[in-house]
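Reader: I should like to learn how the features of a protein model are read. May we begin with a helix and the residues in it?

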Amino acid sequence: MLNINYPKIEKKEFPNLQLNLVEPIIKLNLRGKSREFFTKIGKILSIMLPTEANSSATIKNISALWLSPDEWMVYGRDIDKNLKLSLDSEISKLNLGSVTDVSDQWVLINLKGKNVFEVLSKGSPFDFNKFKNTNNVVVQTLLNHIDVILHHNDTNNVNLFVRKSFSEHLWLWINDSSSFL
Amino acid sequence: MSENFRSLETKFLDKTNRISFKYNGKKYYGYKGDTLASALLSNGIHLIGRSFKYHRPRGIMTCGSEEPNAIVQIGGTGSFTEPNVRATEQEIYEGLEASSQNCWPSVEFDVGGINNFISPVIPAGFYYKTFMWPKKLWYSLYEPAIRMSAGLGKSPTQPDPELYDHNHLHCDVLVVGGGISGIIAASISSDNGNNTVLIDDKNSLGGSTIFQDDENFKINDEISSVWLNNQIKKIKNKKNLIIKHRTSLAAYHSYNYLLARENLADHKSLNERSNKLRQRLWKIRAKKVILATGAIERPLIFNNNDRPGVMLANSVKKYIDYFGVRCGNKNIIFTNNDSAYETAISLNKKGINVSIVDIRNNSSSILVKNAKDAGIKIYWNHTVVNTAGYRRIKSIQIMKMSEDGTNVIDSKINLVCDNLSISGGWTPMVHLFTQSGGKLKFRDSDQVFLPNVTTSDQISIGSCNGDFELDDVIKNTISECKNFLSLSLTDFDLLKVNCPKQKESKNIWLLPNDKPLGKTKPFLDFQNDSTAKDIKLAMREGFRSIEHVKRYTTTGMGTDQGKLANMHALGIISETAGVKMGTLGTTTFRPPYTPLTFGTIVGRNVGTFFDIARKTPMHAWHENRKAKFENVGQWKRAWYYPMDDESIHQAVQRESKAARESAGILDASTLGKIDIKGTDASEFLNRVYTNAWSKLGIGKCRYGLMLNEDGMVYDDGVTTRLDENHYVMTTTTGGAANVLSKLEDYLQTEWPELDVWLTSVTDQYATASVCGPNSKNILKKLFPKVEFNDENFPHMSFKNAELDGINCRIMRISFTGEHSYEINIESKYGKSLWEKCMDEGKEFNITPYGTETMHLLRAEKGFIIVGQDTDGTMTPIDLQMDWIVSKKKYDFIGKRSLYRSDTMREDRKQLVGLLTDNPNEVLEEGAQIVQDEKKQPIEMLGHVTSSYFSPNLNKSIALAVIKNGKKLKGQKLLVPMKDKTIKVTVSDYIFFDSKNERLNA
């Protein structure tokens, strides 16, 4: 049997901040723009893909993040292999758009607590003033010069997606910055 | 015991907290809240350092960031040491150690003081004239001597152990400056729902009004300081107002992007600041900016105006009224305006002896009347013509001025003093305004530059906008803020302000003297020792532009950046040249406003965080195997795997032989991977690459070359057709992100009609590349169900397979010229896949090889690396890759450019091979190639792009780009190096297995 190896990210606690690796979790990149594409996705995932920029939709344990007018990331505990296969066969195979498994492309780190935006502000030029007061919003920005996707899914609760190759370095940086809060 | 000059009560210091510190090795005491300057003055110390050029004794002159003289070394000689710290800004802490700079053996007796005596022979610009001849002395004498005397203070020789941080901040309104106008602005802004930030460089708010206790200055019938203190208490409780103390704005860039340095621990003892941040750099994006940066007092320019004890009048007032420190027992105020009378009145009220020398004939100001009523002696229409006292001023000589102010008359009067407070008016601090791109205007009435036109959303208020009287400051601050923030009412609209008005004014840039200018030393730039006569000398020598005069005389080039000097330099230039001052302009105000430490600039981007480290899923294995890594883009790639004490050369020779003779394995996970789906995917690839893609069968791979629109090679890689409408493209490691952006850009802007979807999957898959004669045997063991014969699995084809139930994509492609396979697997299994390959390959002596061996193996085969063998100026034809450019396709990116006359020239630089006459001699990459060494000027034909010693060929090989290279095959060329010239022969660029027999074996 092949062993699974995730980046060296362990649960950490700082004053008013908890950091946690949320893996494994399936993440899919969806691309498309036709009406049929939206309809099929809605039927299969029971979720309407958000069309408002930088917004997200969450139903049960599936979240859909707006990435661009024709690109979304869906992730969640309720996505399993069967769901993935039906998306692939109903979307990609029928040329309605594209479904690509990016579960290993991105690493999900959860940041929770009152100091979430304090630590993010240390490395991100993004203006979090409105973002932190709004749930279910998404931003693709830089954190310590590294591309990240931030999903503010609940008050002071952010799911951070970072490409796997950057994840250990970013994790070290988040830990370091959190120690100076 | 020395006299205690802190005889006055003050509410601004914590007198219960007595602090000891050392200055020049001697222990002194001050109080919490003291600056080093106020603490030293309270101990009667004025002599702080020596000037840069003449090593003249210099003392504390100001109380703020404009200080030119009192700059000290903090922290002894260890790693915490820091030079050029302004004593006027450094707060004292328990255990602080400070010492004087630019003096030896001591500040009291400095050998360098000899320069003062030879000053007539070292005027401005002597550097440029003196060190021209004899030429041979430059290296042996001049340069070492200049280097030895250059700079002030001592740089630390050890790494800075302190911690620094960066932080981003966004706000609706940023107010810079915590004086009265800044406080009113911040209050108005935050009261009206704006997310507001107020920054101030001091440890408490209030500016100079907070210690203004004069009855003449009243707001709503309260003394101005009382009223302001109440306002400060109120704004501290405002919800949407952040106040940052000890924070100075360093830079104001375009579009309201500003940098501010916050001092977090500079006022704390070393114990208190252990493992804590010292300074933080705030990167601020503000929708609107209100500059309330105030004004600084101007000095007056007269003979020997630089002695310790000569201070700015307003600073003397702050030392008395804020710090409770008197700067002398016998004070003389020398002024050209009314504001200095506030200092005189303050001194008089505290029982300190004071008299006034005023260059004006009279003044009707209430302040002057108060001074007269208090019995203060005033010398009207007089000027100081000389001062005396070496380490501290002892006396001054004054003379009456002629009616027109150009000369002095009558006899000299000698006045004894131990402090001379000078005031030449006020200069608005417009530095930040101009940094942001704002343009200035000149106001003739009081000869000041003021903010005028700006493109960013900002205003200047208060004295930095030219309002120097309290009622003007308040009235205009309110109206400017209302207009700027679109408000009709504020809480301050009905304020009643009473203050004295300045009525008579007189400004003379260079005061007259009884001696000729050449016999006097009227200093402009106190730090760099430039005088009025230096400016006049520069003018005589033909310099006219302020920028040229500045550089010739070094005026304004010290750590204070001429905050006190520049206006006088401009004034003297305008008078000498007979032009209006406003037409001269100013020198360029560049960031930072005050010096920043390197630590603040880099923040936490040091050590581990100096650069981003991108790691492959197999990284930990490479580390365990003691691999050496190289940076490829942001990736850390295994470079080579030394065994025992192998050198890189030995390791690469071993690894490359193993790969050719049995089996090698490379971590190729870093290659960019782009998933391409859609019904138009084939057409898309046709347009992107130079070769044809329509007929590529499912399960087949093809190498492609991507060009820029200029026809130059941009990237390359192998793309595999996974399904009818599904491809996966590989790109170079460093080019992955740019290629994806470029392709997405084309899809969105040029070819929106194409049904194609791109997704980056670089990190989704880990890739192990197994190569060598035994690679097939290893793959057979790993994937027993897959048939690896050439019919079923030929070169440039792909198969899906399972490894322990996990899906893998296997591509039979090669970058080494060997029979080889790339196995792609979900990256969480990457390390396990690698270990499995190593286990199964053990019997075949599978050898991990790094990027250096990969480069060697591909160079033997003549495979290019985009970015190493190309440099953005190479077409496919230049690379002798004509075969990959389709003649039949209608179009592809860069096609048109390939048919331009220049790209079709036959004598362009072309890729060739090089063989050295001595087969053991390895060329240096980047070395220039020539045909005739004696030809003048020497003609460079090209350069070496890749060079190695090939253990498989047992000789040195190199790739090079050479002008007209294709036609030079077989010709001898030269590679001149520092100590020899290497003879080479132009050869084919494929050195090994040109018939691809091993590839298909």
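Author: Certainly. This is a predicted model. In α19(B), the buried residues are B:Ala681, B:Ser682, B:Phe684, B:Leu685, B:Arg687 and B:Val688.

Reader: Why is helix α19 of chain B described as largely enclosed by the rest of the structure?

Author: One counts the buried residues against the length of the helix. Helix α19 spans residues 681–688 of chain B, and 6 of its 8 residues are buried, so the helix is largely enclosed. A general idea helps in reading any such list: an α-helix has 3.6 residues a turn, so residues three or four places apart point the same way.

Reader: Which elements cover the buried residues of α19(B)?

Author: The cover includes β35, β36 (701–707), β37 (713–723), β38 (726–731) and α20 (736–750), which belong to chain B.

Reader: How is a single residue judged? Is B:Leu959 buried or exposed?

Author: One counts the C-beta atoms around the residue; 20 or more others within 10 Å make it buried. B:Leu959 has 26 such neighbours inside 10 Å and therefore counts as buried. B:Leu959 is placed in strand β48 of chain B, residues 955–963.

Reader: Which residues does B:Leu959 touch, leaving aside those up to four places away in sequence?

Author: B:Leu959 is in contact with B:Ala859, B:Asp869, B:Leu911, B:Gly913, B:Thr945, B:Ser946 and B:Tyr989. Separation along the chain may also be set beside separation in space: B:Leu959 and B:Gly862 are 97 residues apart along the chain, and their C-alpha atoms are separated by 7.7 Å.

Reader: How does one describe two helices that pack together?

Author: Two packed helices are described by the angle between their axes and the distance between the axes. In chain A, helix α3 (residues 116–123) and helix α5 (residues 164–178) pack at an angle of about 115°, and their axes are 10 Å apart. The crossing of α3(A) and α5(A) is right-handed.

Reader: Which residues make the contact between α3(A) and α5(A)?

Author: From α3(A) come A:Val119, A:Lys122 and A:Gly123, while α5(A) contributes A:Trp173, A:Ile174, A:Ser177 and A:Ser178. By class, this contact has 3 nonpolar, 3 polar and 1 charged residues.

Reader: What can be said of chain A as a whole?

Author: Chain A holds 5 helices and 11 strands. For 181 residues, a compact globule would have a radius of gyration near 16 Å, and the 17 Å of chain A agrees with this. Buried residues account for 45% of the chain.

Reader: How is chain A divided into domains?

Author: The domain assignment gives domain 1 (9–24 + 104–181) and domain 2 (26–102). The C-alpha centres of these two domains lie 23 Å apart. Their contact draws 10 residues from domain 1 and 11 residues from domain 2. On the side of domain 1 that touches domain 2, β9 (137–143) and β10 (146–154) each supply at least two residues, and β9(A) gives the most, with 4 residues. That side of domain 1 has 5 nonpolar, 5 polar and no charged residues.

Reader: How many residues does each chain give to the contact between chain A and chain B?

Author: Chain B gives 40 residues and chain A gives 36 residues. On the side of chain B that touches chain A, the largest share, 5 residues, comes from β8(B). By class, that side of chain B has 11 nonpolar, 14 polar and 15 charged residues.

Methods. Residues numbered from 1 in each chain as written. Chains lettered and ligands numbered in written order. Predicted model: local features only at pLDDT ≥ 70, side-chain atom pairs only at ≥ 80, totals over all residues. Domains from an automatic or database assignment. Contact = placed C-beta atoms within 7 Å. Nonpolar A, V, L, I, M, F, W, Y, C, P; charged D, E, K, R; others polar. Rg over C-alpha atoms; globule rule 2.2 N^0.38 Å. Buried ≥ 20, exposed ≤ 12 C-beta atoms within 10 Å, placed from the backbone. Axes fitted to C-alpha atoms, helices over the stretch in contact; angles between N-to-C directions. Left-handed = near helix turned anticlockwise from the far one by under 90°.
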